Amino acid sequence: MEAILAEVPKDAKLKYRRRLGVWSYSQLLPEPRRRITLNEGGTPLIRISRGLFGKFEGLNPTGSFKDRGMAVGVSLAKAIGVSNIVVASTGNTAASASAYGARAGLRTIVLLPNGKVARGKLIQSIIHGANIMGVDGYFDDALTEAMNMFKAGKAYSLNSVNVWRLEGQKSIAYEIYEDIKVPDNVIVPVGNAGNIYAIWKGFWELMQIGLIDKVPRMIGVQAEGASPLYETWRRGSGVLIEVKEPKTVASAIRIGRPVNWLKALKAVNNSNGLLITVNDDEIMNARSRLAKRGIFVEPASASTYAAYIKLIKNGVISNDERTVLVLTGHGLKDPDSVK
């Protein structure tokens, strides 16, 4: 080491690049009196193959993209004097709310569907000291209970019905722009349907301020057994076509009644985008293929790669286009799904 340092000129300066991250875009975000942060954002955009990139959100502090929105949401909750926060979750939102709630000194209540949360995510809520409540049924049932608590004034809701959550998540678009400008396509897993809207909104805002002249085509992917938004879009329905008992190995998108469905459709339609479904076998095959490229993601994240493979095969998109997969969560979130 000493020999290497001796060869460096004494007047040499390290090249500095501004650290990317949620709060580096404060001019485009709500500004609370105090930022509750764990240095979220600034995740890598990894080249997977020619023209294909993965935005690896699994490298956020609690291992998912939820940290971006939770940083902003918890900061504003703290600023308005909230003492208790509540979320319903398939796991990632609970883990993030628990960590950021602990950071802010807030009491965090998480409502989880019994037996339907991956072990890695549950452990995170436990270690951060959240008050965990099990709910019979699915995520949608847990969300109903969480909203009832909010309406009764017992706790402040930090599910993605909270617009500040989506404001934090739109920073994904800003970071993609800083790395590769505007890709042709962005593929996003769709569960409660807030993230695809948030990312579209981020690009739309960049267009409004004159930095770009187009937005990417937003492509949402759902699992075949949990595809309410796909069916609503496919049929052109003005009413959400709910799935009463959603089923998929991709627990993060196992949601039958997404609250942000109208916003998601706006993002898809206004970007000339589309929605697609993939089955569980396609998801798990895609995860294995990503793992062989050194990227370990949870099943919901792999749905984007499964969708890309299908869209390439069907000629909907081409290898000549630049496509970004939003890899929403780390594989260690759901270790029991590895066979």
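Begin by selecting Asn-185 and then Thr-323, because these two residues stand opposite each other, with Thr-323 belonging to strand S10. As you follow the tour, keep in mind that the model on your screen is a predicted one.

**Strands S7 and S10**

Extend the first selection to strand S7, residues 185-189, and the second to strand S10, residues 323-327. The two strands run parallel and are joined by three bridges. If you click on Val-186, you will find Val-324 of S10 opposite, and if you move on to Ile-187, the bridge partner in S10 is Leu-325.

Is S7 enclosed or open to the outside? Five of its five residues are buried, so S7 is largely enclosed by the rest of the structure. Turn the strand to look at each face: Asn-185, Ile-187 and Pro-189 lie on one side, Val-186 and Val-188 lie on the other, and all of them are buried. S10 can be inspected in the same manner, with Thr-323, Leu-325 and Leu-327 pointing one way and Val-324 and Val-326 pointing the other way, all of them buried. Since five of the five residues of S10 are buried, this strand too is largely enclosed by the rest of the structure.

**The whole sheet**

Now show the strands around this pair. Six strands form an open sheet with mixed pairing, and their order across the sheet is S1-S2-S10-S7-S8-S9. The edge strands, each of which pairs on one side only, are S1 (45-49) and S9 (274-278). From one strand to the next, the twist averages 25 degrees.

Select strand S2, residues 52-56, which runs parallel to S10 and is joined to it by five bridges; within this pair, Gly-54 stands opposite Leu-325 of S10. Then cross to the other side of the sheet and select S8, residues 217-223. S7 and S8 pair in the parallel sense over five bridges, and the bridge partner of Val-186 in S8 is Met-218. To follow the connection between these two strands, trace the chain from S7 through helix H8 to S8, a β-α-β crossover that is right-handed. Add helix H9, residues 228-235, and you will see that H9 lies across S8 and S9, running at about 130 degrees to S9.

**The nonpolar cores**

In soluble globular proteins, nonpolar side chains tend to be buried together. With this in mind, display the side chains of Val-186, Ile-199, Phe-203 and Leu-229, which have the most contacts inside the largest nonpolar core, a group of 38 residues. The elements that give two or more residues to this core are helix H7 (171-180), S7, H8 (194-208), H9, helix H10 (261-270) and S10. Which of them gives the most? H8 does, with seven residues.

Return to Val-186 and show what surrounds this residue: leaving aside residues up to four places away in sequence, Val-186 touches Ile-199, Phe-203, Pro-216, Arg-217, Met-218, Ile-219, Val-324 and Val-326. There is also a second, separate core of 28 residues, which includes Phe-56, Ile-283, Ala-302 and Tyr-308.

**Helix H2 and Thr-93**

Next select helix H2, residues 66-79, whose 14 residues reach 20 Å from the first C-alpha to the last, close to the 20 Å expected at 1.5 Å a residue. H2 is mostly covered, with 13 of its 14 residues buried. Just beyond this helix, look for Gly-81, whose phi is positive, near 85 degrees.

From here, go to Thr-93 in helix H3, residues 92-104. Is Thr-93 buried or exposed? With a relative accessible area of 6%, Thr-93 is buried. Apart from residues up to four places away in sequence, Thr-93 touches Lys-66, Met-70, Val-87, Ala-88, Leu-158, Asn-159 and Arg-165.

**Ala-155**

The last stop is Ala-155, which lies in the loop between helix H5 (139-151) and strand S6 (156-157). At 7% relative accessibility, Ala-155 counts as buried. If you display its contacts, without residues up to four places away in sequence, you will find Asn-84, Ile-85, Val-86, Ile-109, Met-149 and Phe-150. Finally, select the C-alpha atoms of Ala-155 and Val-87: the two residues are 68 residues apart along the chain, and these atoms are separated by 9.2 Å.

Terms used
Residues numbered from 1 in each chain as written. Predicted model: local features only at pLDDT ≥ 70, side-chain atom pairs only at ≥ 80, totals over all residues. Heavy atoms only, no water. Core = buried A, V, L, I, M, F, W, Y, C linked by side-chain atoms within 4.5 Å. Buried < 20%, exposed > 50% of the residue type's maximum accessible area, 1.4 Å probe, protein only. Helix = DSSP H or I, 4+ residues; strand = E, 2+ residues; numbered from the N terminus. Contact = heavy atoms within 4.5 Å. Pairing = 2+ DSSP bridges. Axes fitted to C-alpha atoms, helices over the stretch in contact; angles between N-to-C directions. Expected span 1.5 Å × (residues − 1). Right-handed = clockwise from strand over helix to strand, strands pointing away.
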